[in-house]
Amino acid sequence: MKEHVSLIRWVGKTIRRFTEWLYTLRHIFVALFVLGNSGLIFHTVYGLPIDLYTLFNVRNYEQINASFLTNAPYFMLGVFIVMSSFGLFFRARISWMISFTLMLINIFYTAHIHPQQTHNIHYGIASLVLLFMVRKYFSKSSVAAGSIFALISVITLLLTSTYGALYFGDGFNPKITSLLTAFYYAIETMSTVGYGDIVPVSEPARLFTISVIVSGITVFATSATSVLGPVVHSGFERLVKGNSKKMDRTNHFIICGLSSLAVNTIKQLTERKQPITVIVSPRIQQVAKDQLEGLDVVVGDYSDGAILTQAGVMNAKAVLALSDDDDNAFIVLSAIELASSARTVALVNESKNINKVKSVNPDIVISPQQFASDILARVLNGESIDSDSIVASLLHSVQGLSEKEINK
């Protein structure tokens, strides 16, 4: 009988860990789900009578079939969704924002231009709802996401400038009558080169050219900032301040996140001259430079096994998952999967998530919210607050420690 019970527990534990592992990969499922919208768009476009390939054979604007004006933007919308989906694989915040915006455009555009494609509309709505539900999970900033954003911006401006030059073709000297010439003029104007071989002579053409120049400067400046900014900034910071503090990452404490509890823990351990390695995201590193100065810092996703390995998890005394969100369970799970002998401590920010955190079996679970609410309830109920009751409440909120260990 005991063997059957043990087998059932083992199966249940295995299923639970597998489910938790799948949960850590939810951003991949979201990215693939959003990517499905582009497949529906391409299927719709290539099912329509106009062949996009004929675009490159157009010699005169008047020869363009009006249906092309419907298909081309829809096709490019599918391309943009593909590019933004790649950023979702990195949990990039900017990719989430781009994808959410593209889903709105996809829904309204399809409903207006292709109302018969009801499955496209319903799938787009489902994608929009899914993105909204997991919005908090996409909180990272990365060079890859910035590159995708820059690429989408440049392509959008290039398409708009090309079609605009073709549309206002009669207002130029010489007139722009072919797509290749319009493309050439768009590149020439966006880059602010201005050879002067094609000159806007009508007022609409001049206003259009001004808009392309201003947009080109803005897009290229923003793209360079989003892609090269972090690289240049980190290099300049190393030049001015020197490299960050390095230490022998053995018998040390790894602190993940920079919550209020993490900051105070760092302070207390530093005062006791304990070796510490702090793992923070790139976004937090940028806004908390003063707090991290003089510390051994690893920048990256603290639930990533590679980042934990870089921080020396295999030789650490303990891994303290103290981020200000309840992804702390994934940090503990990653440390356990690496077969680290370090003790694990997990902070629970919201008491409703305590069972989720406990399911990964950290050595210590800390719930300040539960401790504070317990003490407050005792005070409001008129119960006496003494050292024994405080220890009892603390034991209830800090699970995994004995009363003897707390009294130490």
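**T209.** I began with the surroundings of T209 in this predicted model, and, setting aside residues up to four places away in sequence, I found that T209 touches F172, Y185, T189 and P200. Of these neighbours, I looked further at Y185, whose side chain makes a polar contact with the side chain of T209 at 2.8 Å. T209 belongs to helix α8, which covers residues 203–241, and I noted it as buried because its relative accessibility is 9%, under the 20% limit.

**The salt bridge.** I then searched the whole structure for salt bridges, and the search returned one. It is formed by the side chains of D296 and R249, with 2.8 Å from N to O. The pair links distant parts of the chain, 47 residues apart, since D296 sits in strand β5 (residues 296–299) whereas R249 sits in the loop between α8 and β3 (253–256). I also asked myself whether each partner is buried or exposed. D296 is buried, with a relative accessible area of 2%, and R249 also counts as buried, at 17% relative accessibility.

**Strand β6.** Next I looked up β6, residues 318–321, and recorded that both of its faces are covered. On one side A318 and L320 are buried, and on the other side V319 and A321 are buried. Which strands pair with β6? I found that β3 pairs with β6 in the parallel sense over four bridges, and that β7 (residues 343–347) is likewise joined to β6 by four bridges and runs parallel to it. A318 appears in both pairings: it is the bridge partner of F253, and it stands opposite R343 in β7.

**Helix α13 and N328.** I turned to α13, residues 328–337, and noted that it is largely enclosed by the rest of the structure, because eight of its 10 residues are buried. The buried residues are N328, A329, F330, I331, V332, L333, S334 and A335. I followed N328 in particular, which is buried with a relative accessible area of 0%. A polar atom of the N328 side chain lies 2.8 Å from the backbone oxygen of L347. With residues up to four places away in sequence left out, I listed A321, L322, S323, L347 and N349 as the residues that N328 touches, so that A321 of β6 enters the picture again.

**F138.** I checked a loop residue as well: F138 lies between α5 (118–133) and α6 (143–167). Although F138 is in a loop, it counts as buried, at 0% relative accessibility. Which residues does F138 touch, once those up to four places away in sequence are not counted? I wrote down H27, V30, L88, R91, A92, R93 and W96. For H27 I also looked up the backbone separation, and the C-alpha atoms of F138 and H27 are 7.9 Å apart, while the two residues are 111 residues apart along the chain.

**A surface patch.** My last entry concerns the surface, where L7, W10, V11 and I15 make a nonpolar patch of about 420 Å². I looked up V11 individually and placed it in helix α1, residues 2–24. V11 is partly exposed because its relative accessible area is 35%, between the 20% and 50% limits. As a reminder on spacing, I noted that an α-helix has 3.6 residues a turn, so residues three or four places apart point the same way.

Notes: Residues numbered from 1 in each chain as written. Predicted model: local features only at pLDDT ≥ 70, side-chain atom pairs only at ≥ 80, totals over all residues. Heavy atoms only, no water. Helix = DSSP H or I, 4+ residues; strand = E, 2+ residues; numbered from the N terminus. Buried < 20%, exposed > 50% of the residue type's maximum accessible area, 1.4 Å probe, protein only. Polar contact = N/O pair within 3.5 Å; in protein donor to acceptor, adjacent residues only side chain to side chain. Contact = heavy atoms within 4.5 Å. Patch = residues over 30% accessible without salt bridge, like charges linked within 9 Å, V, L, I, M, F, W, Y side chains within 5 Å. Areas by Shrake-Rupley, 256 points an atom, 1.4 Å probe, with all protein chains shown as cover. Salt bridge = Lys/Arg side-chain N within 4 Å of Asp/Glu carboxyl O. Pairing = 2+ DSSP bridges.
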